[in-house]
Amino acid sequence: MVPTAEHFDVVVIGGGPGGYATALYGASAGLNVAMIEKGKLGGTCLNVGCIPAKELLETAATYLHVTEAADYGINAGEASIDWDTSLGRKDKIVGGLVSGLGSLLKSRKVTVLDGHGRLHGDRRVTVAGGSSGDMELTGDAVVLAPGSLPRTLPGFDVDGKVVMTSDELLSIPELPKRAAIIGGGVIGCEFASMLSDLGTQVTILEALPKILPGLDQDVTRVIEKSFKGRGIEIRTDVKVEGHAPAGSGTTVQAGGEGVDVDVVVVSVGRRPNTDDLGLDGTGVKVSDRGFIEVDERGRTGEPGVWAVGDAIATPALAHVGFIEGVLAIRDILGEDPAPVDYDKVPWAVYSRPEAAFTGLSEEAAKEAGIDVVTQKSRYNHNGRAMIVNQAEGMVKVIAEKQADGRAGRILGVHMVGPWVTEQLGQGYLAVNWEATVDDMAALIQPHPTLTEVLGEAMLSLTGRPLHG
Ligand code: FAD
């Protein structure tokens, strides 16, 4: 849609979660918004991130259900994978969400422009190189949301066949027999879990002493045990030195040893996509690491210009981009919004078993010098967990220790186990509303549900457990 006006209340550069949330929320608030996107609407998240990754994880989960069907007395025959159909389903879901987003933006009367956006002085934005043609817009406010790109490693040139990043893996034409995943962070572990469940022999190569740094140690242990039990090799504290292609695969050199694989997935984080944003003649500052520098409300050094999402140095999560977009618009409207509390954002890891957490881990609380009481309640006695055949895992609650020694305010909720990404909501509310253990223990959990384990943890922290 080519604009009929060249001046807008808000001009947004980038149409990923950060940018489109800004545009949609701004339009909901009655602002006249233009949004410029040079690639596909929905950005990383919809096209090569959250949605396709979770869809393929669900493919792996479905395969697993079928292989376990006989336990339920259901004879489904031998399960096999038709990968083309799996990729087709994933593409259909992605396509549906991308086109749905386009319709939503249209219905909110957001002017969507196809092209590369660059910011200049006086909140002038040029658009070039796309199907909308070249033009210049101005905004009372401009929001920068250019997102991020996968990081790569020297010596690992991405060819999309043997060496790949998440971008290529999510459309891999054939499942590999053996894969090395460099990087045991959230995305690396999700890929390891998915590939392993689909029959690939997986080796994780992690430079740090443990995979999933940032997660509570007890949660990580459960995931490590499950991964190892399924034959995923986890090598921590290893430096990856390079690789030597051989035949249709390659040998990765790591910690002085070779790992023979068909594909290498480089999953070592993402870098802000801020190389070509213009910015000359503006007060927008970019750090040495490439992040746009902002204050606690997302304001850059240029008056009237905000930045949100993966391009700023906050947790690189789609839902963080959403809330930063909302915050920017509220600030533009002069509503004096409270800044985002980044220490309490919800995190979700969609591996098998899943992990989800919010607030302080036990280690982080202790490092901060806070006296805590903790409780671990496990899924192995929970009826629903047994019914769904996923009884590994636990809910760990970290609460402030009161002067009388009892557990008080809830500081962190860390979960690992069945569908915990869907269960974190109560923990998130508890931590962010500064609820106490007594507040939470008084609530009813429906029976039989997985969330009863959270309820048990709270009751146990009052000193009076019910089931255990
Ligand atoms: P992006 O999504 O990167 O979007 C930026 C957009 O801006 C892009 O479309 C780009 O083309 C466009 N753009 C850039 N520069 C310009 C310019 N100059 N002009 C015009 N357009 C421009 N997060 C979660 O919360 N949950 C998950 O489960 C999850 N899973 C993930 C799995 C994978 C494999 C990956 C890679 C990421 C995952 N993430 C997840 C992270 C999530 O995808 C990102 O945090 C989110 O997409 C960031 O949103 P954004 O809008 O800041 O940037």
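What follows is a conversation about a predicted model of one protein.

Trainee: What makes the protein as compact as a globular protein of its length?

Mentor: The protein has 13 helices and 22 strands. Its radius of gyration is 24 Å, and the globule rule gives 23 Å for 468 residues, so the two values are close and the protein counts as compact in that sense. Along the principal axes, the C-alpha trace spans about 65 × 65 × 45 Å.

Trainee: How many of the residues count as buried, and what does the word require?

Mentor: A residue is called buried when its relative accessible area is under 20%, and 51% of the 468 residues count as buried. The accessible surface of the protein comes to about 21200 Å², with 52% of that area belonging to carbon and sulfur atoms.

Trainee: Why are β8 and β11 called edge strands?

Mentor: The open sheet of 5 strands runs in the order β8-β15-β9-β10-β11, with parallel pairing. Strands β8 (163-164) and β11 (233-235) each pair on one side only, and therefore they are the edge strands.

Trainee: How do you know that β10 and β11 pair?

Mentor: Pairing requires at least two bridges between the strands, and 3 bridges join β10 (residues 201-205) to β11, so the requirement is met, with the two strands running parallel. Within this pair, Leu205 stands opposite Arg235 in β11.

Trainee: What separates the mean positions of the positive and negative charges?

Mentor: For the 41 positive and 62 negative charges of the protein, the mean positions are 2 Å apart.

Definitions and conventions. Residues are numbered from 1 along each chain as its sequence is written. This is a predicted model: local features need pLDDT of at least 70, side-chain atom pairs count only at pLDDT 80 or more; totals for chains, interfaces and linings use all residues. Side-chain values use heavy atoms; hydrogens and water are left out. Helices (H or I, at least four residues) and strands (E, at least two) are DSSP runs, numbered from the N terminus. The radius of gyration is taken over C-alpha atoms; the globule rule is 2.2 Å times the number of residues to the power 0.38. Buried means under 20% relative accessible area, exposed over 50%, partly exposed in between (1.4 Å probe, protein chains only). Accessible areas come from the Shrake-Rupley method with a 1.4 Å probe; for residues, only the protein chains shown count as cover. Lys and Arg count as positive and Asp and Glu as negative; His and the chain ends are not counted. The place of a charge is taken as NZ of Lys, CZ of Arg, CG of Asp or CD of Glu.
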